[in-house]
Amino acid sequence: MVSGDMSQGPRIAVIGQSHVQALRRGMGADGRFAVVDTNGLAPAWVGEDGRVTAAFLARYPRDMACVSMVGGNFHTSFGLVEHERRFDFFCPFSAEAGVEAGREIIPFGLVATCFRRVLEASMFGPMTQLREHFTGAMVHVCSPPMLPPAWHVERHPNLFGGKLANGVAPQGVRQKLYDLHTALVREHCAAIGARFLPPPDEALDAQGRLLERYWADDPSHGNAAYGALVHQQLLEALGL
Amino acid sequence: MSGRHPYAGQPAERFWRSASGAVGELDPVGKVSFRIGAADRVVTAGSCFAQHVARHLGLAGFRHHVTEPGHPLIGPVERAAFQYGMFSARYGNIYTARQLRQLLARAYGEFVPVAECWDGPQGGVVDPFRPQIQPGGFLHLAELRADRAQHLAAVRRAVEEMEVFVFTLGLTEAWLDRRDGAVFPLAPGVAGGVFDEAVHEFHNFTVDETAQDLAAALGMIRARNARARVVVTVSPVPLAATALPRHVWVSTTYSKAVLRVAAEQVCAGMEGVDYFPSYEIITSPHVRGRYFAADGRAVLEEGVEHVMRVFLRHYGGAAGGAVAAEEDTHLAEMERIVRVICDEEAIRGE
């Protein structure tokens with residue numbers, strides 16, 4: 001699960017879950033990066049107490065730079081698949097201003113409170129620990145705005161395949177969930193002193209969504225071409 | 001000259017000496033006019049004491065009918081913080097009979113108050129008629145309007161679907177909008193808005209006003225749901241503050257007396273409307289003040305349990321087990337899938 005040999009001198013620890021795969025595929029052989037997808041680790045990188053284990057952190061010299069690609073998909077869990085009680089919400093962080101008629105409106109404050117609770121437990125806690133461990137620069141890579149039309153999700157549903165009886169949620173709703181997620185992550189980065197790296201502009205359409213040529217063959221990830229753009233972004237951000 | 005007199009041979013509870021007993025044994029309920037079945041949908045509303053009643057109804061096996069539970073994607077703790085499920089709909093505390101009457105009128109489009117929104121104390125806007133339901137306030141008027149439309153629809157469902165309505169009268173003191181008589185649950189400026197003497201005025205409801213408002217409100221419910229039966233109670237919780245230039249306890253005794261008399265009058269005049277003496281259970285000398293917390297105002301859980309024990313004894317003969325709370329597995333299932341997909345991503349990437 002780990003690429004890059006730290007004994008040979010990688011200087012940048014890339015730590016995350018599924019979104020690291022696009023980077024891994026797109027960066028080619030770049031020995032400066034040590035990439036780990038913690039989903040494949042045994043024992044798990046996070047203990048039952050929700051904290052990153054000392055054993056995991058001990059693998060990394062503290063003076064390495066850290067690229068966090070932790071989490072980044074709660075918006076997908078929450079709203080990719082249409083719930084039987086179709087919902088919408090107003091989001092102050094989104095260009096999607098209105099709500100769709102006929103849908104149940106959840107107050108923004110309630111959605112944000114729910115997101116904050118989940119992200120603090122699953123994402124922000126580990127990010128904070130990484131920030132405390134690494135003394136070098138820390139960059140958090142924003143998850144891609146993978147918000148394709150329903151047809152793409154239906155063509156490449158993966159494990160969502162059996163769960164689409166109610167269909168795919170409207171792009172506008174998914175956009176707002178992504179925008180909320182991104183705003184909260186950006187806020188946390190500022191709080192812990194990590195640099196927030198937004199999706200590269202050249203990968204986005206006029207609405208800020210990922211262009212089709214950067215979609216993976218699944219509902220929620222970028223592909224290798226997207227990973228190559230992020231790699232380039234990281235090199236610039238880290239002054240390499 | 002011994003012989004028959006009006007008190008001779010009456011039941012023991014009619015005499016102070018024989019009605020006294022252990023604290024937990026007080027049961028001042030006489031004959032009730034109906035029972036509440038396990039399937040009967042019970043709708044709740046009222047003052048803060050009614051929150052205890054609503055919470056315990058479900059625990060006691062009654063079917064607390066919540067028509068505005070919040071979206072199940074949101075966890076129960078967060079929904080509770082936003083006052084979903086506290087009462088049958090998210091109306092917050094309803095302290096006065098006029099407030100209840102106006103809520104029903106608003107729900108059915110018979111009353112559109114001039115005051116539509118207030119600036120929130122922490123930004124955003126709040127609903128003047130339920131200023132504390134939304135921590136941090138609503139984003140803007142559009143969001144408030146959307147939420148209000150859903151809320152009033154939930155109120156209509158509650159009215160039309162209920163078998164039983166439990167309403168707890170709380171206060172007589174209130175703040176009104178001079179322009180249209182709209183009653184606010186809290187004084188403007190306390191939890192949003194700005195107090196303006198030119199717009200806002202104080203009013204202390206009388207017995208007649210309270211009885212008329214309560215009867216009118218129950219009449220509005222019955223007009224849309226003839227089968228609805230009603231339990232009226234009076235909150236034992238003293239006033240937190242009085243707007244009158246006198247001691248808060250004096251205002252409290254006036255307020256509770258008015259509510260108690262109004263409740264008596266309405267219950268005596270309407271079929272299927274019972275008075276339930278929760279006020280008496282908590283405040284009776286029989287319980288020797290044990291049901292109030294150290295501040296002399298908050299009601300302790302032991303007291304609430306006593307009230308609900310008596311309520312269950314008299315109304316709950318047919319009530320069954322507690323109805324399971326609505327659970328939603330959608331989000332947990334989606335999170336599991338995302339985790340698995342993420343695992344697959346890792347495998348594919350090797």
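Buried means a relative accessible area under 20%. The model used here is predicted.

**Exercise 1. Place His231(A) and decide whether His231(A) is buried or exposed.**

Solution.
- Step 1: find the element. His231(A) sits in helix H7 of chain A, residues 224–237.
- Step 2: take the relative accessible area. For His231(A) the value is 8%.
- Step 3: apply the cut-off. Buried requires under 20%, so His231(A) is buried.
- Step 4: list the contacts. With neighbours within four places in sequence left aside, His231(A) touches Leu23(A), Met27(A), Asp30(A) and Phe33(A).
- Step 5: check a distance. Asp37(A) is 194 residues away from His231(A) along the chain, and their C-alpha atoms are 16 Å apart.

**Exercise 2. Describe the contact between chain B and chain A.**

Solution.
- Step 1: count residues. Chain B gives 39 residues and chain A gives 39 residues.
- Step 2: take the area. The two chains bury about 3,500 Å² between them, with 65% of it on carbon and sulfur atoms.
- Step 3: look for charge pairs. The interface has 1 salt bridge. Arg117(A) pairs with Glu78(B) in a salt bridge, with 2.2 Å between the closest N and O atoms.
- Step 4: assign the helices of chain B. H3 (76–81), H5 (141–161) and H10 (330–349) each supply at least two residues of the side that touches chain A. H10(B) gives the most, with 16 residues.
- Step 5: sort that side of chain B by residue class. It divides into 18 nonpolar, 7 polar and 14 charged residues.

Methods
Residues are numbered from 1 along each chain as its sequence is written. Chains are lettered from A and ligands numbered from 1 in the order in which they are written. This is a predicted model: local features need pLDDT of at least 70, side-chain atom pairs count only at pLDDT 80 or more; totals for chains, interfaces and linings use all residues. Side-chain values use heavy atoms; hydrogens and water are left out. Helices (H or I, at least four residues) and strands (E, at least two) are DSSP runs, numbered from the N terminus. Buried means under 20% relative accessible area, exposed over 50%, partly exposed in between (1.4 Å probe, protein chains only). Contact means heavy atoms within 4.5 Å. Buried area is the accessible area (1.4 Å probe) that two parts lose on being put together, summed over both. A salt bridge is a side-chain nitrogen of Lys or Arg within 4 Å of a carboxyl oxygen of Asp or Glu. Ala, Val, Leu, Ile, Met, Phe, Trp, Tyr, Cys and Pro count as nonpolar, Asp, Glu, Lys and Arg as charged, and the others, Gly among them, as polar.
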